[in-house]
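Here is a short tour of one protein model. Look at the structure first, then read on.

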Amino acid sequence: MFSLSRTSLRQARQLQTVLRHSSRSFVTSRPRHSEFKPLDMFSEEEEMLRESVQRFAAQEIAPKVREMDENEMMDPSIVRALFDQGLMGIEISPDLGGAGSSFTSAIVAIEELAKVDPSVSVMCDVHNTIVNTVFRKYATPEQQQTWLPLLAESKLGSFCLSEPAAGSDAFALQTRARKDGNEWVINGSKMWITNAYEAEVFLIFATIDPSKGYKGITCFVATKDMGVQIAKKEEKLGIRASSTCVLNFDDLRVPAENLIGGEGLGYKIAIEILNEGRIGIAAQMLGLAQGAFDRAVPYTYERKQFGQPVGTFQGMAFQIAQAAIDIEAARLLTYNAARLKEQFDETNDPKYSFTKQAAMAKYAASQVAQRVSGAAIEWAGGVGFTRETGLEKYWRDSKIGAIYEGTSNIQLQTIAKFIQKQYS
Ligand SMILES: Cc1cc2nc3c(=O)[nH]c(=O)nc-3n(C[C@H](O)[C@H](O)[C@H](O)COP(=O)(O)OP(=O)(O)OC[C@H]3O[C@@H](n4cnc5c(N)ncnc54)[C@H](O)[C@@H]3O)c2cc1C
């Protein structure tokens, strides 16, 4: 029979005392309910932003979505309107022309825009969470004074890292920069550059010394009029109104003061920025999934077959319930990653490190977007397959979530590395 030795009995009693004591202290120090907020609760300012973006998207963007998709071109009035609405400088401080809002505000705006048009959403996302953030975090005060007011008020930005031979392995890039007096001279090509057709500000990653490997990679800022050439505008499956271009730099001369963050620090900037940028793509995919769901579900309660609304057949109702659960899970992953990032920025405390959660949010939200938008087409039957309902567009747009800012495999690799570090 199992019996406790005297020593282990003594240890068990000590443990009981500790537990009794700690449970009492747990009871007396129990936090008030208000100290813990559900992840989908927002500040008043964030709520107001959500409502205003919803209104703006419904009134200004929705009427143009189909035309922009078919023309594969962003309407310039939408770019202008995003600036006028203050949506292009969400986190930039008010003294530099921005709104001085939270990262979560940017996430909320990206999500709301994607419900209506994922192309407009990614334009706003890349500009805010990537380009503006590079300047906010790594530029000198003088560079911030020069560039941030322009980026908040009128000039669209793009982030030029990928190249024909450097995609997932981005730091294999070959674009070169050499110093010539008071200038840097950049030569090379970039591929897949979002916003490039409309952009006026380009963050360009180039190596100043290939023998140093990734430690030679450096970030520069150039304007279009310095000689950034658009070699090709891609024709794509989805997010067709969002421009994606091949760029050539042929002796592109930028002033020495246009180097951002220090020589050889480009790789650090790119890694850190893409870690947080992924939360933006998660928000885009979350909004896309919700947009497809909101459009298809009401139809299933209107459309009758066999004398009843098709959405009330168990086979349909359970699929709809499953999609709602998937969207909710993606939402909580995305908001949690965003709040962690805010806490990390504020405290620099590694307990709020968010890289794994950002990769999980992006991976999960892009899968959910594909599943829900695909199912939404089927829920609407034949009309779902036509271009009239816009459901097929959500599905086409959803594919990109598994590719840009790190493919799904790269997200899995990141998550797996964290798990291995924790358990081995
Ligand atoms: C519409 C669009 C917009 C974009 N916008 C920008 C932008 O604004 N700026 C920018 O710099 N880039 C941008 N990109 C580039 C994008 O980030 C890359 O396409 C992406 O990182 C994948 O690179 P790749 O296309 O070269 O694919 P590859 O790296 O060639 O990958 C091909 C396949 O191999 C898999 N794979 C690769 N390596 C591994 C590995 N180690 N383990 C397992 N599987 C692996 C990938 O998961 C993928 O399935 C954009 C791309 C697109 C399509």
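Start with one pair of residues: Cys219 stands opposite Ile260, which belongs to strand β8. Keep in mind that this is a predicted model. β8 covers residues 259–260 and pairs with β5 in the antiparallel sense, over two bridges.

**Strand β5 and its partners**

β5 runs over residues 217–223. How many of its seven residues are buried? Six are, and the strand is mostly covered. β5 also pairs with β4, again in the antiparallel sense, and here there are seven bridges. One contact to find is Thr207, whose bridge partner in β5 is Ile217.

**A hairpin and a loop**

Now move to strand β2, residues 176–180. Five bridges join β2 to β3, and the two strands run antiparallel. Arg176 stands opposite Asn187 in β3. β2 and β3 form a hairpin, with two residues between them. Gly181 sits in the turn and has a positive phi of about 60°.

Beyond β3 comes a loop that leads to β4 (201–207), and Ala199 lies in this loop. Is Ala199 buried or exposed? A residue with 20 or more C-beta neighbours within 10 Å is called buried. Ala199 has 28 of them inside 10 Å, so Ala199 counts as buried. Ala199 and Lys155 are 44 residues apart in sequence, yet their C-alpha atoms are 6.8 Å apart in space.

**The whole protein**

Step back for a moment. The protein has twelve helices and ten strands. Its 424 residues include 44% that count as buried. Along the principal axes, the C-alpha atoms fill a box of roughly 85 × 70 × 40 Å.

UniProt lists three domain annotations, each from an unreviewed entry. The table sets out their spans.

| UniProt domain name | Residues | End C-alpha distance | Helix | Strand |
|---|---|---|---|---|
| Acyl-CoA dehydrogenase/oxidase N-terminal | 43–153 | 25 Å | 74% helix | 0% strand |
| Acyl-CoA oxidase/dehydrogenase middle | 158–251 | 20 Å | 0% helix | 50% strand |
| Acyl-CoA dehydrogenase/oxidase C-terminal | 266–419 | 27 Å | 75% helix | 3% strand |

**Helix α10**

Take helix α10, residues 355–379. What should its 25 residues span at 1.5 Å a residue? The expected span is 36 Å, and the end C-alpha atoms are 36 Å apart, which agrees. In α10, 21 of the 25 residues are buried, so the helix is largely enclosed by the rest of the structure. In general, an α-helix has 3.6 residues a turn, so residues three or four places apart point the same way. Just after α10 comes Gly381, with a positive phi of about 65°.

**Around the ligand**

Finish at the ligand. Which residues are the closest to the ligand? They are Gly167, Ser168, Trp192, Thr194 and Thr407, out of 22 residues that surround the ligand. The elements that give two or more residues to this shell are β1 (157–160), β3 (183–194) and α12 (408–423). The shell divides into ten nonpolar, ten polar and two charged residues. Domain 2 (160–264) and domain 3 (266–423) each supply at least three residues to the shell.

Technical notes: Residues numbered from 1 in each chain as written. Predicted model: local features only at pLDDT ≥ 70, side-chain atom pairs only at ≥ 80, totals over all residues. Near = placed C-beta within 6 Å. Helix = DSSP H or I, 4+ residues; strand = E, 2+ residues; numbered from the N terminus. Nonpolar A, V, L, I, M, F, W, Y, C, P; charged D, E, K, R; others polar. Domains from an automatic or database assignment. UniProt positions renumbered as here; feature names shortened; annotations may be inferred. Expected span 1.5 Å × (residues − 1). Buried ≥ 20, exposed ≤ 12 C-beta atoms within 10 Å, placed from the backbone. Pairing = 2+ DSSP bridges.
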